[in-house]
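I opened the notebook for this chain and set out to record contacts, packing and strand pairing. The entries follow in the order in which I looked things up.

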Amino acid sequence: MLEAQPNEKEAAMIARVAVWEPMPTDDRDWVLDAAAAVPGVHGAYHLVDPATGNGLSIAFFEDEAAAHAAHKAIEKRAEEIGWNDSPHPAPASQTIYQVVRHV
């Protein structure tokens, strides 16, 4: 039996998963807006467990360069809106994964 091989686009796609304990409830739409404007960003989702308040932030990128560009765009927007002027919670962890299958 032949094993299916991922195409080049699938092999290159990565996902960044951040774990939040708890998930911030402040307005973070600006984060998604800044990332969405970057070529190579394939989507981003903020998820919350209603029972615990913990959450995940999952973003999909064409490659590491796109992930880096999105991070820079978010940093720039944060500076523009004065986000860094006061402390905000950070994720408990962040991990980069290679996407091996998707629909």
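I began with the contacts of Arg77: leaving out residues up to four places away in sequence, Arg77 touches Trp30 and Ala34, where contact means heavy atoms within 4.5 Å. The model is predicted, so I noted that local features need pLDDT of at least 70, that side-chain atom pairs count only at pLDDT 80 or more, and that totals for chains, interfaces and linings use all residues. Residues are numbered from 1 along each chain as its sequence is written, and side-chain values use heavy atoms, with hydrogens and water left out.

I placed Arg77 in helix 3; helices (H or I, at least four residues) and strands (E, at least two) are DSSP runs, numbered from the N terminus. Arg77 counts as partly exposed because its relative accessibility is 34%; buried means under 20% relative accessible area, exposed over 50%, and partly exposed in between, with a 1.4 Å probe and protein chains only. The C-alpha atoms of Arg77 and Trp30 are separated by 7.7 Å, although the residues are 47 apart along the chain.

From Trp30 I turned to aromatic pairs and found 1 in the structure. Trp30 and Trp83 form this tilted pair, at 5.1 Å centre to centre and 55° between the planes. By the criterion used, rings of Phe, Tyr and Trp (its six-membered ring) pair if their centres lie within 6.5 Å; planes under 30 degrees apart count as stacked, over 60 as edge-to-face and the rest as tilted. The pair links distant parts of the chain, with Trp30 in helix 2 and Trp83 in the loop between helix 3 and strand 4 (93–98), 53 residues apart. Trp30 is buried because its relative accessible area is 12%; Trp83, at 17%, also counts as buried.

I next looked up the sheet. It is open, has 4 strands in the order 2-3-1-4, and shows antiparallel pairing; two strands pair if DSSP finds at least two bridges between them. Strand 2 (41–48) and strand 4 are the edge strands, each pairing on one side only. The twist averages 15° from one strand to the next. Strand 2 and strand 3 run antiparallel and are joined by 7 bridges, and Val48 stands opposite Gly55 in strand 3.

Which residue does the side chain of Ser57 meet in a polar contact? I found the side chain of His46, at 3.5 Å; such a contact is a pair of N or O atoms within 3.5 Å, and within protein one must be able to donate a hydrogen and the other to accept it, while residues adjacent in sequence count only if both atoms are side-chain atoms. Ser57 lies in strand 3 and counts as buried at 10% relative accessibility.

I then examined the largest nonpolar core, which has 9 residues, among them Ile14, Val38, Phe61 and Ala66. Strand 3 (55–61) and helix 3 (64–81) each supply at least two of its residues, and the largest share, 3 residues, comes from helix 3. A nonpolar core is a set of buried Ala, Val, Leu, Ile, Met, Phe, Trp, Tyr and Cys residues joined through side-chain atoms within 4.5 Å. Leaving aside neighbours within four places in sequence, Ala66 is in contact with Val38, Pro39, Gly40 and Phe61.

Lastly, I recorded that the peptide bond from Glu21 to Pro22 is cis, with omega near 0°. Pro22 lies in the loop between strand 1 (14–20) and helix 2 (29–36).

Key:
Axes are lines fitted to C-alpha atoms, for helices over the stretch in contact, and angles run from 0 to 180 degrees between N-to-C directions.
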